[in-house]
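Here is a friendly walk through one protein model, from its overall make-up to a few residues worth finding on screen. Keep the viewer open as you read.

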Amino acid sequence: MDKFENENNVNINTDEKITLPNNPTKEKNNSKIPVNTKLNNIQAIGTPTIPSSPKDIHFLSIIGQVEGHNVSPPQKKATKYEHIMPQLVNVQQNPQVKGLLVILNTMGGDVEAGLALAEMINSIDKPKVSLVLGGSHSIGVPLATSSDYSFIVPTATMTIHPVRMTGLVIGVPQTFRYFQKMQERIIDFILRTSKIDRESLMNFMYDTDEIANDVGTILVGKEAVKYGLIDEVGGLNKALNKLREMIKINNKIESE
């Protein structure tokens, strides 16, 4: 047994265990506080119960501005494309997911990011339905047409206009050729994924009488369907019923 003497010449046995008093502060912090789940839900989403969605359909919302390579100002509602891409990969890879419903109310945004998302949605080999609520403008147009079947509510609008860019632009011919190539990529995608003809699309895009201080056209509800940009006028009920129908057909084909 080891012993040593302190400054007061008192022998201290180092083998003896020293028991410290309980820490009341620690016990207080470790105490379980009851969580009011309903109150938290009301504070978060305004309802005491969180609605559950079926596992066989993935709901994807694209709202506000499509945020791409640059971060949007904090005052703007934005959909980050790096948040959407993993969801689309999961839709393709997850065998439990049988269909995708894309809900759109977007003002447009980053052209590269929006077109990349549109291509990803279009490349998924499962039934896909899109629904335009409020509006799907600018790069939101190819996002709306990227699905297998598209709906638009009667009051929703879609704005078709040429590619625009804000900030510093180098005024050389190469810049305008870049804009032209970017525009052609968008036009080709819309023509590939909708029933609109090229002449009508170009006329809408470069119309000077529709939008003040700008070129382009605003199509409302039935007009978007009339020219073949969107497949049908309808709301959430029609979109879900159509998707369910497509899933049944797809399941029947896979089982054969």
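The protein has nine helices and ten strands; helices (H or I, at least four residues) and strands (E, at least two) are DSSP runs, numbered from the N terminus. This is a predicted model, in which local features need pLDDT of at least 70 and side-chain atom pairs count only at pLDDT 80 or more, while totals for chains, interfaces and linings use all residues. Residues are numbered from 1 along each chain as its sequence is written, and side-chain values use heavy atoms, with hydrogens and water left out.

Of the 256 residues in the protein, 37% are buried. Buried means under 20% relative accessible area, exposed means over 50%, and partly exposed lies in between (1.4 Å probe, protein chains only). Among contacts (heavy atoms within 4.5 Å) with a separation of 6 or more, 64% join residues 24 or more positions apart.

**A pair of helices**

Try helix 3 (residues 81-93) and helix 4 (residues 111-123): their axes come within 10 Å and cross at roughly 10 degrees. That crossing makes helix 3 roughly parallel to helix 4. Axes here are lines fitted to C-alpha atoms, for helices over the stretch in contact, with angles running from 0 to 180 degrees between N-to-C directions. Angles under 35 degrees count as roughly parallel, over 145 as roughly antiparallel, 65 to 115 as roughly perpendicular and the rest as oblique.

Helix 3 brings Tyr81, Ile84, Met85, Leu88, Val89 and Gln92 to the contact, and helix 4 brings Ala113, Ala116, Leu117, Met120, Ile121 and Ser123. By class, this contact has ten nonpolar, two polar and no charged residues. Ala, Val, Leu, Ile, Met, Phe, Trp, Tyr, Cys and Pro count as nonpolar, Asp, Glu, Lys and Arg as charged, and the others, Gly among them, as polar.

Leu117 of helix 4 has contacts beyond four places in sequence with Val66, Tyr81, Ile84, Met85, Leu88 and Leu143.

**The largest pocket**

How much space lies in the largest pocket? About 940 Å³. Lining it are 35 residues, and those closest to its centre are Gly109, Asp110, Val111, Arg164 and Met165. A pocket is an open set of points on a 1 Å grid over the protein atoms alone, where a 1.4 Å probe fits, with protein on both sides within 12 Å along at least five of seven lines; lining residues have an atom within 4 Å of a point. Grid points are joined across faces, edges and corners, and the volume is the space filled by probe spheres set on the points.

Helix 6 gives the largest share of the lining, six residues. The lining divides into 17 nonpolar, 13 polar and five charged residues.

**Single residues to find**

The table pairs three residues with partners distant in sequence.

| Residue | Relative accessible area | Partner | Residues apart | C-alpha separation |
|---|---|---|---|---|
| Ile152 | 0% | Gly135 | 17 | 8.8 Å |
| Leu117 | 0% | Val66 | 51 | 9.8 Å |
| Val220 | 35% | Thr155 | 65 | 6.4 Å |

Ile152 sits in strand 7 (residues 149-152). Beyond four places in sequence, Ile152 contacts residues including Val132, Met158, Gly221 and Ile230. Val220, in strand 9 (residues 217-220), touches Pro154, Thr155, Ala156 and Thr157, again not counting residues up to four places away.

Finally, look at Ser138 in the loop between strand 6 (128-136) and helix 5 (140-145). Its phi is near 55 degrees, a positive value in a residue other than glycine. Ser138 counts as partly exposed, at 23% relative accessibility.
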